[in-house]
Amino acid sequence: PHAIRLEGDLTLGGLFPVHARGPAGVPCGPVKKEKGIHRLEAMLYALDRVNGDPRVLPNLTLGARILDTCSRDTYALEQALSFVRSLLPPEGGEGSCPDGSAPRRPPPERLVGVIGASASSVSIMVANVLRLFA
């Protein structure tokens, strides 16, 4: 629910504390303008600049999947697992087309790196999970 997706040939992930930690039982609280929104906007601005200059990455565009950590390490880890799921090929054998052929599925996302999180403890946990999947 707390995500931004931009299409591109290569995808950069982003983990930012757009929301503060929520009260007990609720992962996300109020919006964090300076430490959350500003960082998210900085990443989007950088992507616009890179994609707008054909000399930087000729014939390639950078996309993004930016997720909210809600300033909570466990929630950030959960979000990082969604990056892992995007790298895995879709499961086969689900459904069929009217002509009996297998459905065509999009290839796995080409996630090339993840920017963030803002807290070292969260970054270490996320890096440990993502390292397992190169």
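**Close-up views of a disulfide and two nonpolar cores**

This predicted model holds one disulfide. The legends below start there and then move on to the nonpolar cores.

**View 1. C28 and C70 form the disulfide.** Here you can see the two sulfur atoms, which lie 1.7 Å apart. The torsion about the S-S bond of C28 and C70 is about 70 degrees, so this disulfide is right-handed.

**View 2. The disulfide links distant parts of the chain.** Follow the backbone out from each cysteine: C28 belongs to strand β4 (residues 28-31), while C70 sits in the loop between β5 (62-68) and α2 (73-87). The two cysteines are 42 residues apart.

**View 3. Are the two cysteines buried or exposed?** C28 has a relative accessible area of 13%, and because the cut-off for buried is under 20%, C28 counts as buried. C70 is buried too, with a relative accessible area of 0%.

**View 4. The largest nonpolar core has 12 residues.** Take a moment to find its members: L15, L67, A76, A80, F83, V84, L111, A117, V122, V126, V129 and L130. Two elements, α2 and α3 (120-131), each give two or more residues to this core.

**View 5. V126 and its contacts within the largest core.** Which residues does V126 touch, leaving aside its neighbours within four places in sequence? V126 is in contact with L15, A76 and A80, and these three are also members of the 12-residue core.

**View 6. Another core lies apart from the largest one.** This second set has 10 residues, and L10, F16, L47 and L62 are among them.

Terms used: Residues numbered from 1 in each chain as written. Predicted model: local features only at pLDDT ≥ 70, side-chain atom pairs only at ≥ 80, totals over all residues. Heavy atoms only, no water. Disulfide = S-S within 2.5 Å. Helix = DSSP H or I, 4+ residues; strand = E, 2+ residues; numbered from the N terminus. Buried < 20%, exposed > 50% of the residue type's maximum accessible area, 1.4 Å probe, protein only. Core = buried A, V, L, I, M, F, W, Y, C linked by side-chain atoms within 4.5 Å. Contact = heavy atoms within 4.5 Å.
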